[in-house]
Number of protein chains: 2
Amino acid sequence: MSTPLRLGIAGLGTVGVGVVKMVRHQAALLQNRCGREIAISAVSARTRDKDRGVNISSYAWEDDPVALATRDDVDVFVELMGGSDGPAKAATEAALAAGKDVVTANKAMLAVHGQLLAGLAEENGRALRYEAAVAGGIPVIKALGEGLAGNEITRVMGVMNGSCNYILTRMESAGLTYEEVFDEANALGYLEADPELDVGGIDAAHKLAILSALAFGTRVDFDGVEIEGIGCVKIEDIRHAADMGYRIKLLGVAQMTGRGLEQRMAPCLVPAHSPLGQLEGGTNMVVIEGSDVGQIVLRGAGAGEGPTASAVMGDICDIARGLRLPVFGQPAATLATAPRASAAVPAPYYLRMALHDKPGALAKIATVLGDAGISIHRMRQYDHADDQAPVLIVTHKTTRGALDQALAAMDATGVVTESPVALRIESV
Amino acid sequence: MSTPLRLGIAGLGTVGVGVVKMVRHQAALLQNRCGREIAISAVSARTRDKDRGVNISSYAWEDDPVALATRDDVDVFVELMGGSDGPAKAATEAALAAGKDVVTANKAMLAVHGQLLAGLAEENGRALRYEAAVAGGIPVIKALGEGLAGNEITRVMGVMNGSCNYILTRMESAGLTYEEVFDEANALGYLEADPELDVGGIDAAHKLAILSALAFGTRVDFDGVEIEGIGCVKIEDIRHAADMGYRIKLLGVAQMTGRGLEQRMAPCLVPAHSPLGQLEGGTNMVVIEGSDVGQIVLRGAGAGEGPTASAVMGDICDIARGLRLPVFGQPAATLATAPRASAAVPAPYYLRMALHDKPGALAKIATVLGDAGISIHRMRQYDHADDQAPVLIVTHKTTRGALDQALAAMDATGVVTESPVALRIESV
């Protein structure tokens with residue numbers, strides 16, 4: 001074990017540069033903890049000449065990440081380019097086929113091609129590790145796949161997109177609209193080049209799909225995640241929720257039910273005093289519930305140079321120390337294809353709507369809910385100046401199916417001015 | 001890897017029975033995740049015939065845990081007896097010497113004999129794992145030793161004795177005295193046979209000493225932990241702290257300073273709205289701060305059958321999967337002997353005292369603090385009926401040395417009715 005572990009790093013953005021810095025600054029510590037030196041042989045990025053705040057001239061350069069991934073002097077291919085397909089996937093496949101271990105921070109690639117890559121890693125007897133792909137610096141992949149491996153996992157929940165949590169908490173603290181905070185976050189560079197990946201819930205859904213596979217021993221099923229972004233959340237919703245003791249979070253929930261695997265990523269109401277409810281700004285949180293361990297909560301920075309590089313380095317240390325585990329915690333061929341259970345678990349819902357200010361409007365809505373078998377826990381109609389009466393309803397527990405039926409029926413009554421907004425109240 | 005991994009379990013109390021149940025109930029899941037069957041060959045406990053709610057008749061029985069630990073049909077010795085010395089240590093040593101891997105939940109043994117046992121495990125090329133020894137079901141040993149292995153750890157903090165946290169939060173919520181809640185907790189069986197292990201901070205200090213070694217690469221130094229129990233905390237302290245936006249927790253803090261390793265376990269004030277401040281009842285929390293990852297918070301059940309057995313099973317799974325790491329994250333011989341830095345990090349303090357109700361008493365106290373170079377952030381004197389005036393002082397940041405000097409000088413003034421209580425205000 002005294003030969004160096006040689007890295008080839010593809011992608012020198014924030015995370016890649018962070019990894020280069022850690023390899024340098026923590027060299028003695030890494031050597032001591034891993035029992036061998038961690039060295040960088042070669043790097044690759046879109047642009048060679050660019051001031052990255054770190055000198056990369058001592059490393060070999062490759063324009064082509066596939067060439068980097070298959071170099072003789074590379075033991076571990078570190079994929080930090082991103083993107084579900086294209087060069088990231090090509091280079092990862094090439095690395096595994098060439099007998100290299102792979103460490104990646106690429107949630108999109110794993111969410112879409114996880115099964116394929118897991119099979120490929122196993123065929124070649126190599127590790128494919130991805131701690132940095134989910135919840136940044138929080139060692140949740142390790143906790144779920146190793147520390148809690150004796151448990152049947154019953155539910156996994158997470159706030160895993162810091163930008164969305166920033167937007168929602170900032171709307172509340174500054175009393176700004178979604179649009180105002182969105183523009184602010186975009187100007188600050190908090191959002192992806194395509195902001196829909198963040199606010200549309202897609203980035204967080206990639207992460208949830210990965211956690212689901214590991215938690216439940218199922219094939220990664222990103223297409224099975226029901227996704228709803230935070231664009232529907234208005235400042236009034238945040239205020240109403242707060243009045244009732246809740247906060248609104250873009251929450252991912254994966255749960256194995258009698259009908260199959262339910263995976264949802266949507267803005268939800270959670271109790272204000274729960275760990276999830278108290279999460280501020282860009283911080284991430286993952287909640288894991290297991291048969292024996294009960295509830296474990298993990299909290300930390302979900303993005304940024306240091307935290308993400310820390311996760312990448314943890315994986316590199318594992319490989320340096322000889323750890324070789326199946327990618328999703330069990331052999332790829334044994335991962336089950338779970339039926340998709342759409343909103344199988346009943347829950348109370350928060351409904352916000354505006355009614356035409358006409359006699360009998362509220363009665364029609366109440367009747368529609370009653371007809372769908374949904375009972376009302378609270379209902380409020382607010383003061384209004386125009387002819388649109390804002391109405392807020394909290395239901396008792398109901399299935400999403402019954403609710404969707406009721407929502408369609410509400411539209412059909414003609415008394416709602418636009419389709420109601422429905423947010424699940426998650427028991428955490 | 002298709003041969004079963006055979007366990008010998010010594011100790012069939014709550015945790016031992018929990019492990020037996022998990023091996024049975026999760027057999028298929030364990031087989032799939034570990035790539036091999038987890039089987040129990042033999043067990044040992046103080047009493048053979050006892051209804052434990054689980055049938056152990058199919059396992060071989062040993063009266064002597066040393067005999068169990070060295071059986072030919074045992075691959076992993078699972079030590080769940082407890083006690084720093086005696087049978088637990090003898091059997092652990094025998095197991096390692098006989099080439100067995102060891103999994104233990106024994107914080108006292110590791111806190112006192114960690115260095116010896118780590119050396120022994122290494123000499124024999126075996127694993128000695130102890131996730132269950134610290135913070136029950138929370139996979140903190142794994143997070144610290146593996147997930148965050150690329151970081152220089154800067155501080156580790158934890159609320160790691162659920163009984164103490166139960167007592168402190170119950171005093172607050174029910175408005176009861178320490179003595180009343182202590183008796184209640186004792187009657188409910190929440191406390192160790194020797195309650196001083198809990199309320200005296202010793203049990204939590206064992207855990208802190210283990211975390212320190214792993215975090216800072218130092219030899220376990222339990223004797224270097226400055227320990228103060230929760231017996232000094234009065235309901236008034238809890239109320240005063242709450243008035244100022246704090247809560248009182250039995251908090252362990254380990255920090256590497258320029259002068260050496262500081263390890264303290266004492267009741268502290270922490271901000272009421274921090275994750276530590278919000279921790280209720282028997283739940284545990286560990287906060288890890290690293291050079292790159294920033295702050296990671298882990299929360300979960302710190303004791304109980306399921307959570308502790310979950311941690312033991314995590315270790316067993318690691319061994320079944322072939323993981324072999326140095327016991328404290330790096331070779332035992334490279335663990336440093338850190339100088340003990342007693343209260344090297346300055347902090348504000350909360351002081352509670354009672355003064356004889358005489359003119360000039362408060363002035364004397366203020367003078368003493370000023371003479372020690374300690375400035376006062378807030379001071380309050382409360383209404384009182386007798387001749388003892390309750391006084392509460394919050395200082396600005398000061399060293400513990402200066403404070404101790406001031407406390408001694410206060411005693412010497414003759415105006416305090418008994419030695420003041422001083423609680424550190426920890427910035428979390």
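At 67% relative accessibility, B:Thr337 counts as exposed in this predicted model. B:Thr337 sits in the loop between α12 (305-320) and β13 (349-356) of chain B. B:Asp221 is 116 residues away from B:Thr337 along the chain. In space, the C-alpha atoms of B:Thr337 and B:Asp221 are separated by 8.5 Å.

B:Thr367 presents another case. This threonine belongs to helix α13 (residues 361-371) of chain B. B:Thr367 has a relative accessibility of 42% and therefore counts as partly exposed, since that class runs between 20% and 50%. B:Thr367 and B:Ile138 are 229 residues apart in sequence. From C-alpha to C-alpha, 47 Å lie between B:Thr367 and B:Ile138.

A threonine of chain A completes this group. A:Thr218 is buried, with a relative accessible area of 2%. The residue lies in the loop between α10 and β8 (225-227) of chain A. Neighbours within four places in sequence aside, A:Thr218 contacts A:Ser212 and A:Ala213. The contacts of A:Thr218 also include A:Met256 and A:Leu261. A:Leu335, A:Ala336 and A:Ala338 are in contact with A:Thr218 as well.

Annotated positions in chain A were examined next. In an unreviewed entry, UniProt lists A:Lys207 under "active site". A:Lys207 lies in helix α10 (residues 202-216) of chain A. Its relative accessibility is 6%, so A:Lys207 counts as buried. Residues up to four places away in sequence are not counted among its contacts. With that exclusion, A:Lys207 touches A:Lys107, A:Ala133, A:Val134, A:Ala135 and A:Met160.

A:Lys107 carries an annotation too. The unreviewed UniProt entry gives "binding site" for A:Lys107. Helix α5 (residues 107-123) of chain A holds this lysine. A:Lys107 is partly exposed, with a relative accessible area of 22%. Apart from residues up to four places away in sequence, A:Lys107 touches A:Ala133, A:Asp203, A:His206, A:Lys207 and A:Ile210. A:Ala133 is thus listed among the contacts of A:Lys107 and among those of A:Lys207.

The domain assignment of chain A gives domain 1 (5-133), domain 2 (140-301) and domain 3 (349-425). Taken over C-alpha atoms, the centres of domain 2 and domain 3 of chain A are separated by 26 Å. The contact takes 15 residues from domain 2 of chain A and 12 residues from domain 3 of chain A.

Internal space was then considered. Rolling a probe the size of a water molecule over the atoms shows where empty space is left. The count comes to eight cavities of 30 Å³ or more.

The largest cavity has a volume of about 140 Å³. Its lining comprises 13 residues. Closest to the centre of the largest cavity are A:Arg129, A:Ile141, A:Leu325, A:Pro326 and A:Val327. β6 (128-129) and α6 (140-147) of chain A each supply at least two residues of this lining. α6(A) gives the most, with three residues. By class, the lining of the largest cavity has eight nonpolar, two polar and three charged residues. Domain 1 (5-133) and domain 2 (140-301) of chain A each contribute at least three residues to the lining of the largest cavity.

The second largest cavity holds about 110 Å³ of space. It is lined by 15 residues. Of these, B:Arg129, B:Ile141, B:Glu146, B:Pro326 and B:Val327 are the closest to the centre of the second largest cavity. The elements that give two or more residues to this lining are β6 (128-129) and α6 (140-147) of chain B. α6(B) gives the most to the lining of the second largest cavity, with three residues. By class, the residues of this lining divide into eight nonpolar, two polar and five charged. Domain 1 (5-133) and domain 2 (140-301) of chain B both give residues to the lining, so the second largest cavity lies between them.

Conventions: Residues numbered from 1 in each chain as written. Chains lettered and ligands numbered in written order. Predicted model: local features only at pLDDT ≥ 70, side-chain atom pairs only at ≥ 80, totals over all residues. Heavy atoms only, no water. 1 Å grid on protein atoms, 1.4 Å probe; cavity = no way out; pocket = protein on both sides within 12 Å on 5 of 7 lines; lining within 4 Å. Points joined across faces, edges and corners; volume = space filled by probe spheres on them. Helix = DSSP H or I, 4+ residues; strand = E, 2+ residues; numbered from the N terminus. Nonpolar A, V, L, I, M, F, W, Y, C, P; charged D, E, K, R; others polar. Domains from an automatic or database assignment. UniProt positions renumbered as here; feature names shortened; annotations may be inferred. Buried < 20%, exposed > 50% of the residue type's maximum accessible area, 1.4 Å probe, protein only. Contact = heavy atoms within 4.5 Å.
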